[in-house]
Amino acid sequence: MATHIDIALVPVGAVDPVVMGWLKGDLPGILTAAVEEFPPVPLPPRHFHRERNQYLADGLLADFAKFVTSPTALVLGVTEADLFSLPMNFVFGIANRGRALISTFRLRPEFYGVPSNPEVYHLRVFTEAVHELGHAMGLAHCEFPGCVMYFSNWIGDTDRKGPKFCFRCGKRIERLAEVGWE
Ligand SMILES: [Zn+2]
Ligand SMILES: [Zn+2]
């Protein structure tokens, strides 16, 4: 059965257009989705925690409600700012029903003191985007380390799992795309 998902792609603060281009190109291949890029929204100072030099991910995500306009609509926010969500010191991303947000801050190889590598960076961005969109559609973490829905405790987990759903999670996504996730 044909499924249709609309993804609103929203830069939060200034985001490298190359990264936005990667996501626009990549996501339709995995989620059978129509992806539309929106103009950037500002990083709200009220979610910034000066003592941590990070934004509260939950606060940014809460502001996305206006982009979720139908039961099969998703919003994916992308920011270059570092994010936290208690009790975790940092998160690569966060999601709840219909809404997802990723941070590129800890996805760049340079963050870990190694030379820049656009291929590695690209795959990490894609993987984290699909992971958070999976949560936004209602999927929980998967115990299979090769599935995109496996929990990434550190960047090595992200590099190992890659952007693909395992068979079982893929079937669940197909089903959710038909019935919606509200
Ligand atoms: Zn997760
Ligand atoms: Zn899985």
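Which residue of E9 is the bridge partner of isoleucine 94? To place that pair, it helps to begin with the chain as a whole.

The model is a predicted one. Its protein chain holds 5 helices and 9 strands. Read from the N terminus, the elements follow the order β-α-β-β-β-α-β-β-β-β-β-α-α-α. Along the principal axes, the C-alpha atoms fill a box of roughly 50 × 35 × 30 Å. For 182 residues, a compact globule would have a radius of gyration near 16 Å, and the 15 Å of the protein chain agrees with that. Of the 182 residues, 36% are buried. Among contacts with a separation of 6 or more, 64% are between residues 24 or more positions apart.

An open sheet is formed by 5 strands, in the order E2-E1-E5-E9-E8, with mixed pairing. Strand E2 (33–37) and strand E8 (93–96) are at the edges; each has a single partner strand, so one side of each is left without a neighbour in the sheet. On average, and with direction ignored, neighbouring strands of this sheet are turned by 20° against each other.

At one of these edges, E8 runs antiparallel to strand E9 (residues 99–103), and 4 bridges join the two. This is where the opening question is settled: isoleucine 94 has leucine 101 in E9 as its bridge partner.

Helices pack on this sheet. Helix H1 (residues 17–31) touches strand E1 (5–12), E2 and strand E5 (73–79), and its direction makes about 165° with that of E2. Helix H3 (residues 118–136) lies across E5, E8 and E9, and runs at about 155° to E9. Strands E5 thus appears in the lists for H1 and for H3.

H1 can be followed in more detail. At 1.5 Å a residue, its 15 residues should span 21 Å, and the end C-alpha atoms are indeed 21 Å apart. Which residues of H1 are buried? They are Val19, Leu23, Leu27 and Leu31. An α-helix has 3.6 residues a turn, so residues three or four places apart point the same way. The cover over the buried residues of H1 includes E1, E2, E5 and H3. Just after H1 comes threonine 32, which takes a positive phi of about 45°.

Technical notes
Residues numbered from 1 in each chain as written. Chains lettered and ligands numbered in written order. Predicted model: local features only at pLDDT ≥ 70, side-chain atom pairs only at ≥ 80, totals over all residues. Rg over C-alpha atoms; globule rule 2.2 N^0.38 Å. Buried ≥ 20, exposed ≤ 12 C-beta atoms within 10 Å, placed from the backbone. Contact = placed C-beta atoms within 7 Å. Pairing = 2+ DSSP bridges. Axes fitted to C-alpha atoms, helices over the stretch in contact; angles between N-to-C directions. Expected span 1.5 Å × (residues − 1).
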